[in-house]
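The exercises below are meant to be worked through with the sequence and the structure side by side. Try each task before reading its solution.

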Amino acid sequence: MGYTIAQKIIKNHLLSGDMTVGSEIGLRIDQTLTQDATGTMAYLEFEAMGIDRVKTELSVAYIDHNTLQTGFENADDHRFIQSVAKKRGLRFSRPGNGICHQVHLERFGIPGKTLIGSDSHTPTGGGIGMLAMGAGGLDVAVAMGGGAYYITMPKMVRVNLTGKLQPWVAAKDIILKVLQIMSVKGGVGKIVEYGGEGVKTLSVPERATITNMGAELGATTSIFPSDDITRAFLKAQGREKDWVELSADDDAVYDEVIDIDLNELVPLAAMPHMPDNVKSCQEIGKIHIDQVCIGSCTNSSLMDMLKVAAILKGKTVCPSVSLSIAPGSKQVLNMLALDGALSDMIDAGARILESACGPCIGMGQSPNSKGVSLRTFNRNFEGRSGTADAGIYLVSPEVAAASALTGVLTDPRELGEMPEIEMPDEFIINDNMIAMPASVEDADSVEVMYGPNIKPFPKTEAMPEDITAKAVLKVGDNITTDHIMPAGAKILPYRSNIPYLSNFCFKQCDEKFAEHCKEAGKGIIIGGANYGQGSSREHAALVPLYLGIKAVITKSFARIHCANLVNAGIIPFTFANEADYDKISVNDELCLEGIRESIANGTDVTLKNLTTGESYKLDYQLSERQRDILLAGGLLDYTRESQK
């Protein structure tokens, strides 16, 4: 039996375990990346491990999230990250150099390599044939120190692409179609691999759009073959030497196969408030729009930007629409300027933003109240834009640009003949905004710079013999990390200050959640299905840790958040009988008697409801290593003990 692309890379990087679906495996990690919203905490954790130098082939620290500097906090975090990078052997991508995933694809991604990043959209690298996965900051810190990255061996899904996209239909429409088919929960425990003749019609940036938004499926990652198209992209980036051919064996076996005929796809949109709430633009109709935002790590490549510029050229944005455009990297912005396309955008009335994440994470450009905003982004969770009652639609750059001109949601096929855009044979290469680290000999003289907003890692403790605590919160299905720990311009500057950040935890679900936790001293959270979907932000586990949360009991978890809970020392349980979810109310007194012994031995766990007198059987899918992490009080304590 042959191997899939992902299985080949896993086999070549396997450090522990075997490739049996559902079992834990440890992988050697070649590359890591961080961004500044998660990076400060990741580097605080790395410093706490006491390791002098990163041990990966390449580690890069990017500044792309918290670039709006309305106070000292973000600038202090950037200075801290830059000093750690210089001292510990990382490259540092300075503010303005671009969005981590776009820059990494351009300058550092290598087919066949493993990459983990403290950002859930790290699977963008799958567009170039990498096994690229989002992870919590602590997992990234361990990998930088030479440790393995552990995942559950996933199932393999083949998305078989046939035919060719018709004019005005985009790569974004492919991944929206996949989301429509699989849902935001459909990729959990799976790697999505793209194949078929249709793959050959897609450029690397188009493939990267698809793998980027594969994160919304809940998938471990998504991946494309490395072929002649990959080689041409790397050659244009001056990196042809990094190319290796990579494809699935003809007799590779997949657990699931999805067939998509590209000829049949039409322009699509994800409606509020989930990425899988997908309909065609024609089905939705010509709804009035207030705002259009083009950019993000999903759709900010040069190819996307040139298409937008061609649509806007010689026209004017509708007076009732605010259009903002954020090119994905300095390379993209520079080439747009030299090409004249940037001038076409400006002439049309677009507001040009810096090459950063910006509106995608609520960092500016919030829509008006009850506004409708079309965005080329990857998530449209309620409130994520910064406006609680806004309606956010996810669309392709073609749909976005066409609609910006008309003032209503517009199927771009109405514009007539589509402009032809081709990938350049050569990109402009100028890495002057990537700072190299100090040499090993000079590293001792580099001082790590801490600012007053940077607070220590939350206090941890070994698992007690028993846990008795109130159910301090009960939430429904599809709770996102934005619900747990919001993003946005008002909150993101405090990502390195867990005590202050705790005031905003679960505020969208319960305004007084933090107060209730502090009054109770400790607590247990009850959740529905797919709890913790969305971002890789470990703050969604670290802040509950700080607030005394001891366990989270749900119908099911999203992969990265479940791992982050374990890393924080919070026990993730699922109901053996989902109907038991309905039997627990907020403020019920719950007891996990003998929990330390049960976790240590891997035996059954029963939750007692002291308020009602009922008992419920709980499940936990934890490896022996994860159980040891929980017993130690979290991954940081476990790692410290392992080094003794």
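**Exercise 1: a strand and its partners**

Strand β24 (residues 571–575) and β27 run antiparallel and are joined by 2 bridges. The model is a predicted one.

Task: Find which residue stands opposite D619 in β27, and work out which side chains of β27 are buried.

Solution. Begin with the pairing to β24, where T574 is the residue that stands opposite D619 of β27. Next, turn to strand β26 (residues 605–609), which is joined to β27 by 4 bridges and also runs antiparallel to β27; here L607 stands opposite Y616. Between β26 and β27 there are 5 residues, so placed that the two strands form a hairpin, and G613 in the turn has a positive phi of about 85°. Finally, follow the side chains along β27 (residues 615–619), which alternate: Y616 and L618 point to one face and are buried, whereas S615, K617 and D619 point to the other face and are not buried.

**Exercise 2: the largest pocket**

Task: State how much space lies in the largest pocket, and find which element supplies the largest share of its lining.

Solution. The space in the largest pocket comes to about 980 Å³. Its lining has 41 residues, and those closest to the centre are T152, V188, R559, C562 and Q621. Sorting the lining by element, one finds that β8 (149–152), α18 (559–568), β24 and α20 (624–632) each supply at least two residues, and that the largest share, 7 residues, comes from α18. Sorting the lining by class instead gives 18 nonpolar, 14 polar and 9 charged residues.

A further step concerns β8, whose side chains alternate: Y149 and I151 are buried and point to one face, while Y150 and T152 point to the other and are not buried. β8 pairs with strand β2 (residues 24–27) in the antiparallel sense over 4 bridges, and in this pairing E24 stands opposite T152.

**Exercise 3: the second largest pocket**

Task: Determine which residues lie nearest the centre of the second largest pocket, and which element gives the most to its lining.

Solution. About 720 Å³ of space lies in this pocket. Of the 32 residues that line the second largest pocket, T201, S203, E206, M303 and I421 lie nearest its centre. Two or more lining residues come from each of α7 (204–213), α8 (228–236) and α10 (302–312), and α8 gives the most, with 5 residues. By class, the lining divides into 20 nonpolar, 3 polar and 9 charged residues.

**Exercise 4: a helix and the loop after it**

Task: Explain why α13 can be called largely enclosed, and decide whether D411 is buried or exposed.

Solution. Count the buried residues of α13 first: 9 of its 10 residues are buried, so the helix is largely enclosed by the rest of the structure. Among these buried residues are P397, E398 and L405, and the elements that the buried residues of α13 pack against are α9 (281–284), β15 (291–294), α10, β16 (322–325) and β18 (372–375). After α13 comes G407, which has a positive phi near 85°.

Then move to D411, which lies in the loop between α13 (397–406) and β20 (434–435). Its relative accessible area is 4%; because buried means under 20%, D411 is buried. The side chains of D411 and R413 are joined by a polar contact of 2.7 Å. Leaving aside residues up to four places away in sequence, D411 touches P267, C281 and Q282.

Definitions and conventions. Residues are numbered from 1 along each chain as its sequence is written. This is a predicted model: local features need pLDDT of at least 70, side-chain atom pairs count only at pLDDT 80 or more; totals for chains, interfaces and linings use all residues. Side-chain values use heavy atoms; hydrogens and water are left out. Buried means under 20% relative accessible area, exposed over 50%, partly exposed in between (1.4 Å probe, protein chains only). Two strands pair if DSSP finds at least two bridges between them. A polar contact is a pair of N or O atoms within 3.5 Å; within protein, one must be able to donate a hydrogen and the other to accept it, and residues adjacent in sequence count only if both atoms are side-chain atoms. Contact means heavy atoms within 4.5 Å. On a 1 Å grid over the protein atoms alone, a cavity is a set of points where a 1.4 Å probe fits but cannot get out, and a pocket is an open set with protein on both sides within 12 Å along at least five of seven lines; lining residues have an atom within 4 Å of a point. Grid points are joined across faces, edges and corners, and a volume is the space filled by probe spheres set on the points. Ala, Val, Leu, Ile, Met, Phe, Trp, Tyr, Cys and Pro count as nonpolar, Asp, Glu, Lys and Arg as charged, and the others, Gly among them, as polar.
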